[in-house]
Amino acid sequence: MELTTDPPNAEGRTPAGSTPSPTEPLKHQLLATLAQHRMASTHQLHVLLRPDPSRQSVSQRLNQLLGEHLVDFVVLPQSHRSRVWYLTHKGARLTRDWPALRGRPPYPITSATAASLKTPHTLTVLRTHLAFVADARRHGDEHGHLDWTPEVLHTIGDGERVVADAVMHYTLIEDQQRRKLRAFVEVDRATMSSERLAAKLIEYARLWSYQPQPVSRQRPRHTETIPGPAWLRRYPVFPRILFALTAASRQVLNGRISDLQAMVAQHPLVATMAQQVPLGAAVLEDLEEQGPTSDVWTPLTGGKSRPWTKL
């Protein structure tokens with residue numbers, strides 16, 4: 001089940017609904033975006049924040065922030081000197097208490113070396129976000145630069161945790177209604193074994209079923225936990241789970257998707273979760289070329305390819 005509401009005025013959709021408001025200074029949007037996503041290339045920031053105006057405005061603001069020691073950059077190798085930007089310690093301190101970022105753990109990057117090590121995966125996760133942003137703009141849905149939170153930690157008991165590559169919030173506007181969708185997104189660059197990738201489904205199944213035990217009957221009333229699974233503290237509905245795969249041949253990626261399907265079929269807890277939680281996988285390049293709401297997602301429970309919203 002998903003949360004559905006009627007919009008105040010459902011007579012027309014706003015194609016630019018997920019484009020950031022021009023009334024908020026671009027400098028603030030750049031800092032907030034880098035605080036949220038940790039790193040982004042100049043091109044990605046341009047597409048995300050100012051898809052229509054000149055790219056020069058984004059570059060000018062970034063250079064101003066560089067001069068104020070709020071951001072820094074590394075140069076991507078073999079990229080005609082393309083820059084990847086991140087917050088300095090000063091920038092991280094400045095944005096830490098901004099309302100839009102409240103509750104977001106700070107992940108300051110302490111050096112250019114650290115930034116370089118994190119760049120490939122972080123930029124690929126942001127590439128995936130941009131595919132959903134572009135689709136939302138095409139269809140008049142709501143999914144903006146702060147509706148995608150990377151590296152979200154969840155406790156699953158016994159001192160263990162599952163870290164989602166990203167948690168996505170997306171408002172689908174159709175048939176005079178607003179459907180609020182959420183998803184855990186895993187971005188696979190074929191850097192781990194297919195077995196380890198499929199085992200991620202076991203971690204999510206443990207999160208889906210995990211119920212913390214009461215600490216004590218003498219626990220103060222105001223600290224009592226919400227009864228039921230731990231995820232109810234964060235989400236009204238357990239998010240669907242999406243895998244975006246890239247950086248290998250189509251044959252290899254199809255094999256990895258088959259291994260994900262096998263995990264759903266063979267693992268009892270994962271199979272039980274799959275009865276209630278939509279699960280899908282797609283090739284990242286297909287998302288970029290055709291859009292996430294095209295028939296590019298393979299349901300991990302089997303069946304024909306479909307949009308992620310109809311898994």
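Phenylalanine 132 is thoroughly tucked away in this predicted model: its relative accessibility is 1%, so the residue counts as buried, the cut-off being under 20%. Its ring partner, tryptophan 148, is buried as well, with a relative accessible area of 0%. Phenylalanine 132 sits in helix α5 (residues 112-139) and tryptophan 148 in strand β5, so the pair ties together parts that are 16 residues apart in sequence.

A second pair worth a look is phenylalanine 184 with tyrosine 235. Here the link runs between distant parts of the chain, from strand β7 (residues 177-188), which holds phenylalanine 184, to the loop between α6 and β8, which holds tyrosine 235; the two are 51 residues apart. Phenylalanine 184 has 0% relative accessibility and counts as buried, and tyrosine 235, at 5%, counts as buried too.

Side by side, the two pairs look like this:

| Pair | Centre to centre | Angle between planes | Class |
|---|---|---|---|
| Phe132 and Trp148 | 6.0 Å | 40° | tilted |
| Phe184 and Tyr235 | 5.6 Å | 90° | edge-to-face |

They come from a total of nine aromatic pairs in the whole structure. Some of the rings join up further: Phe132, Trp148, Tyr170, Trp297 and Trp308 are linked by ring pairs into a cluster.

Phe184 also turns up in the largest nonpolar core, a set of 32 residues. Along with Leu201, Phe238, Ile241, Phe243, Met273 and Leu279, Phe184 is among the residues with the most contacts inside that core. Which helix gives the most to this core? That's α6, with seven residues. At least two residues each come from a list of elements that includes β5 (148-157), β6 (160-174), α7 (250-266) and β9 (279-283). As a general point, nonpolar side chains tend to be buried together in soluble globular proteins.

Leucine 279 shows what one of those well-connected core residues touches. Setting aside neighbours within four places in sequence, leucine 279 is in contact with Leu201, Ile241, Val264, Met273, Ala274, Thr298, Pro299, Leu300 and Leu311.

Helix α6 has a polar resident to mention as well: serine 194. With 16% relative accessibility, serine 194 counts as buried. Not counting residues up to four places away in sequence, serine 194 touches Arg256 and Asp259.

Now for the earlier part of the chain. Three strands make an open, antiparallel sheet in the order β2-β4-β3. β2 (40-41) and β3 (71-75) are the edge strands, each pairing on one side only. Between β2 and β4 (residues 83-87) there are two bridges, and the strands run antiparallel. Alanine 40 stands opposite tryptophan 85 in β4. Helix α1 (residues 26-37) lies across β2, β3 and β4, at about 85° to β4.

Helix α2 (residues 42-49) has six of its eight residues buried, so this helix is largely enclosed by the rest of the structure. Those buried residues are Thr42, Gln44, Leu45, His46, Leu48 and Leu49.

Zooming out, the protein chain has nine helices and ten strands, and 46% of its 311 residues are buried. Among contacts with a separation of 6 or more, 63% are between residues 24 or more positions apart. The chain exposes about 15,900 Å², with carbon and sulfur atoms supplying 50% of that area.

Note on methods. Residues numbered from 1 in each chain as written. Predicted model: local features only at pLDDT ≥ 70, side-chain atom pairs only at ≥ 80, totals over all residues. Heavy atoms only, no water. Pairing = 2+ DSSP bridges. Helix = DSSP H or I, 4+ residues; strand = E, 2+ residues; numbered from the N terminus. Contact = heavy atoms within 4.5 Å. Axes fitted to C-alpha atoms, helices over the stretch in contact; angles between N-to-C directions. Buried < 20%, exposed > 50% of the residue type's maximum accessible area, 1.4 Å probe, protein only. Areas by Shrake-Rupley, 256 points an atom, 1.4 Å probe, with all protein chains shown as cover. Core = buried A, V, L, I, M, F, W, Y, C linked by side-chain atoms within 4.5 Å. Phe/Tyr/Trp six-rings, centres within 6.5 Å; stacked < 30°, edge-to-face > 60°.
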